[in-house]
Each structure stands twice: as C-alpha cells, then as structure tokens.
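Dear colleague,

I am passing on a structure that you have not worked with before, and below it you will find my notes. Please read them with the structure open beside you.

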Amino acid sequence: MKLLRAIMITKPAYTKFKEIRVQGRYVTNAHIIPLLEEKKEGFEVETIGYSVRNRPIHSITLGSGPLKILMWSQMHGNESTTTKSVLDLLNFLSANEKYSQHIRKQCTLRIIPILNPDGAAAYTRVNANQVDLNRDAKTRSQPESTILRGEYDSFAPDFCFNLHDQRTIYNVGSTPKPATLSFLAPAHNVERSISETRRTAMQLIVAMNEILETLIPGQIGRYDDTFNDNCVGDTFQLLNTPTILFEAGHFHEDYRREQTREYLFHALVHVLKTIAENKIESYNGNAYFEIPENQKDFFDILVHNVPEENSNKRKDIGILFTEVLANGKIDFEPRVVQAGNLEGCFGHQTYDFLNTADLKELEKQNFRELL
C-alpha cells in the first residue's frame, strides 16, 4: 500500500514538473543557464569554477535540512538524460507539494547540473583536454575534477549521486529486456567488500528498484562493481560517503530518452523521500545482489540470415548507431559493428531475410545499403 501511494504522488504529476524547454540528447550550458537564472530567487545558484575552455560550471543549493546530498550530471558531456531529470527534479522541489517541502526541510541538496560543459557543447564523453573526468579522481589533472572534489570537501555530503547515461547495448541479465536504468553501489576496495557505507548505498538502490519494478518491470540492471580508485564514485565510497552511480539507458523506441528521463525522475524523488523520511534501514541491502547484472547483448538493429556475397551461406549483422552532432542536434548514423553468428544477441529492431514481410520492410530502411 505504501509503495502504491508513492507512485500516486509522483507519476501522474510528472507532466507538470517536466521541464519542456529542454528535450532531446543535446543539452549544454546554453540550454540550462536561463533556467538557473529563474531559480535564483528560491535557490542558491553559484558559479563554482570554469572549464578548460572557460565555460562556467554552476551549482544549485537548496533545502535547509541536516542530511546533505551532493549530485552531479554530465561528467561525461554526451550523457545528458540525467541533466534533464535534474531539471524536472528542481521543478518538483520548487513546488508547494507535501513531499517536496518535506525533502527540503530534512535535506540540503547541492546539484552540479553540467560538470563538463566543454564536453557537453562538443557532445563528447571527454573534456576539452580529451580526459575522461571519471578516470581522473586520483590525479585531478583537470579543472573540472578539481572543482568536483572541492565541492565534495567543502560541502561534506552524507550521500553522493553520480549521474550518467549508458549505451543502448546493455540488457538486464540474460534477458531480452533493455537496461533502461542501472545502478551501482561502487566498491571501496579491490575485494569489493561490504562496508557500512557501501551497504547504505545498496539499501537506497533497493528502495529505487522496488518502485521502478512497478513501472518498468525487468528493466533495471546492476552495473559491474570492479574497483577502480581512479573513478570518482569508488573514491567517494572509499572516503566513507555512501555513493550511488545512476545509469540512464534505453527504453523501447526512446532514442531521445524522454521516457527514461521520466523513470529516472521517479527514482530520484523516491530515493530523496527515503532519505528524508529516515527509511533507509527498512530496506534489505542484500536484495541489491538480486538485481540482475548488466550484459552487453543488444544491437540497435539486428538482421538475421543475410546472404553472403558470392556464397550460399548466410550471416547475421549487428548495427549500432553512432551519435553525431550536426546543426545543434544529434543524428543517429547506423554502422555495422559485427557480422557472423549472433545467436543469443538481441536487437532493438530485428529483421530476418527469410521473412517476406521483414524483407519488404528492410527495403524501406536507410541502412539497407549496409547489408
């Protein structure tokens, strides 16, 4: 009953919280700065530093409670879904809603909506110096890495949310279901042991998984937990701050990631509500390991039984889209990445040359010449 009530609070109301001025995959400072200007009256909006290309990096601080949560998005510049969800979350937390007011009373949030504005502008994973900021936690060779660590040290959070996107290749366990959302409680050592800090992160993931299973059953995955102290999440877990990695993935026919954005919004609201209501201990951290681990068995397009040239043999062809920035929007260009026997793999679109209807449909597709 409690779980159904949580859904009633969030899902039907989502449309009034969605920030419709920011949609699609290409999200930059130019998109969010006007929105942050609007928030200055209710929230504390600061420029906390500058990127390699001298673009400003902003933080938003809100709430007055003792429980401090630090979250950051677009550490990888081309991973923008979580930024959109953060904008929706800010609209929710601005509203005169029972649970938004309770969260603000019990928690203080500091949010960095775009940590890597140069990568966001260029639509690249790396920053302007071609460095992956999520592999720069120890060296902190880049200004963006120094800024994040400075916010961590000065804010001294009780919880950290590391917000990312994942590729369309991921499925949940061995199933043909896409990993629409995935989570990780990063390890804090090579042995991947369970510290009190890591267990807290696991409990919070279990809380989110419980509500998400009612919305997108079977589409929540668990990310690989191999320890890497160059990764920011592993470092903050090592420093005894419960840290959660969020990975926004694919939902059927949702390449703009507007559906995934909504599910992530529900997850964020629910995890903040769990923290604010001091309900963490009501979740069993061991259930974290019942969430299936991600596998990489998906292609964007999978075509079976394609005739081989000058042969009577047939093969399967796997195609993935490359995301290309063109004229301020993202185009999805199909490219063959694998050919042969692809038994056990899945396609977000699947065709079979031995099926007459599929063959007719293939003739209409722009990737037909690749086969």
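When the whole of this predicted model is searched for enclosed space, 2 cavities of 30 Å³ or more are found. The largest cavity holds about 70 Å³ of space, and its lining is made up of Leu-133, Asp-136, Ala-137, Arg-140, Ser-145, Leu-148, Arg-149, Val-232, Thr-235 and Phe-236. Two or more residues of this lining come from each of the elements α7 and α9. Sorted by class, the residues around the largest cavity are 5 nonpolar, 2 polar and 3 charged.

The second largest cavity contains about 40 Å³ of space, and the residues that line it are Glu-19, Leu-35, Leu-36, Lys-39, Leu-87, Leu-90 and Asn-91. Here the elements that contribute two or more residues are α3 (29-38) and α4, with α4 giving the largest share of the lining, namely 3 residues. By class, the lining of the second largest cavity consists of 4 nonpolar, 1 polar and 2 charged residues.

Besides the cavities there are pockets to consider, and the largest pocket has about 930 Å³ of space in it. Its lining counts 41 residues, and those that lie nearest its centre are Glu-79, Arg-125, Asp-165, Tyr-170 and Tyr-223. The elements that supply two or more residues to this lining are β5 (159-165), α9 (232-238), β9 (243-248), β12 (314-326) and β13 (329-340); of the lining, the largest share is that of β12, with 4 residues. When the residues lining the largest pocket are sorted by class, 14 are nonpolar, 12 are polar and 15 are charged. You may notice that α9 appears in the lining of the largest pocket and also in the lining of the largest cavity.

Helix α4, which you have already met at the second largest cavity, is also worth following to its contact with another helix. The axis of α4 (residues 81-94) and the axis of α5 (residues 98-106) come within 7 Å of each other and cross at roughly 95°. Because angles of 65 to 115 degrees count as roughly perpendicular, α4 is described as roughly perpendicular to α5. On the α4 side of this contact are Phe-92, Leu-93 and Ser-94, which meet Tyr-99, Ser-100, Ile-103 and Arg-104 of α5. The residues of this contact comprise 4 nonpolar, 2 polar and 1 charged.

Finally, there are two backbone details to look at. Most residues other than glycine have a negative phi. Which value does phi take at Ala-156? For Ala-156 phi is near 50°, a positive value in a residue other than glycine. Ala-156 sits in the loop between α7 (143-155) and β5, and with a relative accessible area of 39% Ala-156 is partly exposed. Glu-253 likewise has a positive phi, near 60°, and is a residue other than glycine. The place of Glu-253 is the loop between β9 and α10 (258-276), and because its relative accessibility is 66%, Glu-253 counts as exposed.

With these notes you should be able to find each of the places described.

With kind regards

Notes:
Residues numbered from 1 in each chain as written. Predicted model: local features only at pLDDT ≥ 70, side-chain atom pairs only at ≥ 80, totals over all residues. Heavy atoms only, no water. Axes fitted to C-alpha atoms, helices over the stretch in contact; angles between N-to-C directions. Parallel < 35°, antiparallel > 145°, perpendicular 65-115°, else oblique. Contact = heavy atoms within 4.5 Å. Nonpolar A, V, L, I, M, F, W, Y, C, P; charged D, E, K, R; others polar. 1 Å grid on protein atoms, 1.4 Å probe; cavity = no way out; pocket = protein on both sides within 12 Å on 5 of 7 lines; lining within 4 Å. Points joined across faces, edges and corners; volume = space filled by probe spheres on them. Buried < 20%, exposed > 50% of the residue type's maximum accessible area, 1.4 Å probe, protein only.
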